[in-house]
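Trainee: Could you take me on a close look at the annotated binding site in this model, and then show me what lies around it? I would love one connected walk-through.

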Amino acid sequence: MPPMNSNLRINGDRLWDSLMEMAKIGPGIAGGNNRQTLTDEDGEGRALFQSWCESAGAKMGVDEMGNMFATWGGTDPDALPVYVGSHLDTQPTGGKYDGVLGVLGGLEILRTLNDLDIKTKHPIVLTNWTNEEGTRFAPAMLASGVFAGMHTQEWAYDREDAEGKKFGAELERIGWKGDEKVGARKMHAFFELHIEQGPILEAEGKDIGVVTHGQGLSWTQITIIGKESHTGSTPMPMRKNAGLGMARVLELVDEIAWSHKPHAVGAAGHIDVYPNSRNVIPGKVVFTVDLRSPSLDVITDMEQRLQAGAQKICDEMGLEVSFEKVGGFDPVTFDEDCVNAVRNAAERMGYSHMNLISGAGHDACWINRMAPTAMVMCPCVDGLSHNEAEEISKEWATAGADVLMQAVVATAGIVE
């Protein structure tokens, strides 16, 4: 197998043009995108992606979860494919790059290999995973989760959106329910390019994040019951303020996360307060605590300290409290050989790089259970994502796709 050539680079202008063309589908109201999964806009984006893949000489396959697989090349009919990709769906107020860069960066690999008439031993399969965001149909990474055996297909089909529409029915409605059995495909390796969605690479002045681990996640929904009463006429000693109990628990969450610095994090993003009236002391609160760390032992410790501490706080305040684990996954350690392929690619091409732990969940986290997997990350401005103001530069996108291509092609094997 010939050595990799550092001059093997993608066409950055063409990649950028493709990103901007896809962004025209499902435009947001503030410069980003609203192309939520299984909407008409998602279907339109899928159709454009398929046309581009077929123009690049790839044959499209679709499984029963709507996952798209475009197969290109491969001189050895018995060699397992190298997979590359991410997702095309967005948040309701999402940016133009989250997920999409990983899909279209993979497309640019196929186009560049065609331009240079390069063949690989292993086929390359470009993938668009369905419903990575999980914003319309929870949970996130739903279809890759079914592919990896984490969820049943029947359970996934039964997920409902806010209007009561079911995933399975909407998948059929937009015409993207395929006939392939989910999870039947075998992989030699999988690579995913993604924007960092955090501020570290930009702050450190690095072109590339070599993702070695993915944080584990624990979601605990906490319900605190107090007593609704008038904010003005209820004496302080007689109050059972569920909102105050929540505030003290959230202080505890912050304290617990700081105790495991620098990689552990914790907060509550979902909070419901009842009756949510200006002059009524809250009688009930429901909130979800999100704890993350790349260490399973740390997550376990944080969960235990949260539950014990919250119980103590509420007992002392005369409040009732209950806990429900509503989501989570274990930390991920990505494959050493695939990670080295990414790091070697960055070094070969002269891009500055650093090891990185992904703070968000990605399809690669589930696929890592099925095949050797690694991720490439590029910076994003101010670490901002899941926001229409999400922004990257053409140079960052190009560097990320360059490294992605070098890692994928090195793993697939150039044929002379």
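**The annotated binding site and its surroundings**

Mentor: Happy to! UniProt, in an unreviewed entry, places the feature "binding site" at D98, E133 and H386. These positions are spread over 289 residues of sequence, yet they cluster in space, with a largest C-alpha distance of 9.6 Å. D98, E133 and H386 also belong to the lining of the largest cavity. Please keep in mind that this is a predicted model.

Let us start with D98. The loop that holds D98 runs between β3 (82-86) and α3 (100-115). D98 counts as buried because its relative accessibility is 4%, under the 20% cut-off. Once neighbours within four places in sequence are set aside, D98 is in contact with both of the other annotated positions, E133 and H386. The remaining contacts of D98 are H87, D89, H194, I195, Q197, S385 and E390. With Q197 there is also a polar contact, side chain to side chain, at 3.2 Å.

Now for E133, which sits in the loop between β5 (124-128) and α4 (142-147). Its relative accessible area is 9%, so E133 is buried as well. Not counting residues up to four places away in sequence, E133 touches D98 and H386, along with H87, D89, T90, Q91 and A140. H87 and D89 thus appear in the contacts of D98 and also in those of E133.

From the site we can move to the nonpolar interior. The largest nonpolar core has 101 residues, and F49, L104 and F191 have the most contacts inside it. Helix α12 (residues 394-412) gives the largest share of this core, 11 residues. F191 is a good place to look: leaving aside neighbours within four places in sequence, F191 is in contact with V82, Y83, V84 and G85, and residues 82-86 form β3, the strand before the loop of D98. Further along the chain, F191 also meets C338, A341, V342 and A374, and then L404, A407, V408 and T411. There is a second, separate core of 22 residues, which includes M246, V285, A310 and V321.

Several helices pack together here too. In α1 (residues 12-22), the buried residues are G12, L15, W16, S18, L19 and M22. They lie on the same side of α1, because they cover an arc of only 160° around the axis. Their packing partners are α2 (40-55), α3 and α12. At the start of α1, a side-chain oxygen of N11 comes to within 3.2 Å of the backbone nitrogen of D13.

W52 shows this packing from the side of α2, the helix in which W52 is placed. With a relative accessible area of 14%, W52 is buried. W52 touches S18, E21 and M22, and also L104, L107 and R111, not counting residues up to four places away in sequence. Although W52 and L107 are 55 residues apart along the chain, their C-alpha atoms are separated by 7.9 Å.

One more annotation to round off the tour: in an unreviewed entry, UniProt lists residues 215-312 for "domain: Peptidase M20 dimerisation". Over that stretch the chain is 36% helix and 35% strand, and the C-alpha atoms at its ends are 28 Å apart.

Conventions
Residues numbered from 1 in each chain as written. Predicted model: local features only at pLDDT ≥ 70, side-chain atom pairs only at ≥ 80, totals over all residues. Heavy atoms only, no water. UniProt positions renumbered as here; feature names shortened; annotations may be inferred. 1 Å grid on protein atoms, 1.4 Å probe; cavity = no way out; pocket = protein on both sides within 12 Å on 5 of 7 lines; lining within 4 Å. Helix = DSSP H or I, 4+ residues; strand = E, 2+ residues; numbered from the N terminus. Buried < 20%, exposed > 50% of the residue type's maximum accessible area, 1.4 Å probe, protein only. Contact = heavy atoms within 4.5 Å. Polar contact = N/O pair within 3.5 Å; in protein donor to acceptor, adjacent residues only side chain to side chain. Core = buried A, V, L, I, M, F, W, Y, C linked by side-chain atoms within 4.5 Å. Arc of directions from axis to C-beta.
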